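This briefing concerns selected features of one structure, grouped by topic. Please consult the sequence and the structure displayed below while reading the points that follow.

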Amino acid sequence: MSDPRSVSYEDAIAITPSDSATFAKPYAGFICGVAGNVQITTLRNRVTVIPACNAGVVYTIPFLQLWATNTTATTIVAVSNQPYMGPG
């Protein structure tokens, strides 16, 4: 596995946890502004809680959904390594 400090991300976006919304494309990982638990759906459709995520750490776990249920971390930013293709 590569060192996350050497990984280059193409984009980052603040996301709001939701029990109903899924993403069209997976995100490469996330960063929490405020520490806590984060519940995600992985690329293999496994729903899992990542316990005690620290603020400011990039968690390089690709995911399709960020759940409101069981997520106590806040100010979550998703990172993407998808190349930017312009607006639209």
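A residue counts as exposed when its relative accessible area is over 50%, as buried when that area is under 20%, and as partly exposed in between. The model discussed here is predicted. The points below take up backbone angles, strand pairing, aromatic pairs and the surroundings of one serine.

**Positive phi values**

- Most residues other than glycine have a negative phi.
- Thr75 departs from this pattern, with a positive phi near 50 degrees.
- Thr75 belongs to strand β7, which spans residues 74-80.
- Because its relative accessible area is 55%, Thr75 is classed as exposed.
- Ala52, likewise not a glycine, has a positive phi of about 50 degrees.
- Strand β4 is the element that contains Ala52.
- Ala52 has a relative accessibility of 54%, and it therefore counts as exposed.

**Strand β3 and its partners**

- Strand β3 comprises residues 36-42, and six of its seven residues are buried, so the strand is largely enclosed by the rest of the structure.
- On one pairing, β3 runs antiparallel to strand β4 (residues 47-53), and five bridges join the two.
- Within this pairing, Val49 of β4 is the residue opposite Gln39.
- The connection between β3 and β4 is a hairpin with four residues between the strands.
- Asn45, located in that turn, has a positive phi of about 60 degrees.
- Strand β6 (residues 63-66) also pairs with β3 in an antiparallel manner, through three bridges.
- Here Gln65 of β6 stands opposite Thr41.

**Aromatic pairs**

- How many aromatic pairs does a search of the whole structure find? The search finds five.
- One of these joins Phe23 and Tyr27: the ring centres are 4.9 Å apart and the planes meet at 85 degrees, an edge-to-face arrangement.
- Phe23 is partly exposed, at a relative accessible area of 22%, whereas Tyr27 is buried, at 18%.
- Phe23 also pairs with Phe63; the centres are 5.9 Å apart and the planes lie at 80 degrees, so this pair is edge-to-face.
- Why does this pair tie together parts that are 40 residues apart in sequence? Phe23 lies in the loop between β1 (11-14) and β2 (29-34), while Phe63 lies in strand β6.
- Phe63 has a relative accessible area of 1% and is therefore buried.
- Phe23, Tyr27 and Phe63 belong to one aromatic cluster, which also includes Phe30 and Tyr59.

**Surroundings of Ser80**

- Ser80 is part of strand β7.
- Is Ser80 buried or exposed? With a relative accessibility of 9%, Ser80 counts as buried.
- When neighbours within four places in sequence are left aside, the residues in contact with Ser80 are Tyr9, Glu10, Asp11, Tyr27 and Ala28.
- Tyr27 thus appears in two of the topics above: Tyr27 forms an edge-to-face pair with Phe23, and Tyr27 is in contact with Ser80.
- Strand β7 contains both the exposed Thr75 and the buried Ser80.

Definitions and conventions: Residues are numbered from 1 along each chain as its sequence is written. This is a predicted model: local features need pLDDT of at least 70, side-chain atom pairs count only at pLDDT 80 or more; totals for chains, interfaces and linings use all residues. Side-chain values use heavy atoms; hydrogens and water are left out. Buried means under 20% relative accessible area, exposed over 50%, partly exposed in between (1.4 Å probe, protein chains only). Two strands pair if DSSP finds at least two bridges between them. Rings of Phe, Tyr and Trp (its six-membered ring) pair if their centres lie within 6.5 Å; planes under 30 degrees apart count as stacked, over 60 as edge-to-face and the rest as tilted. Contact means heavy atoms within 4.5 Å.
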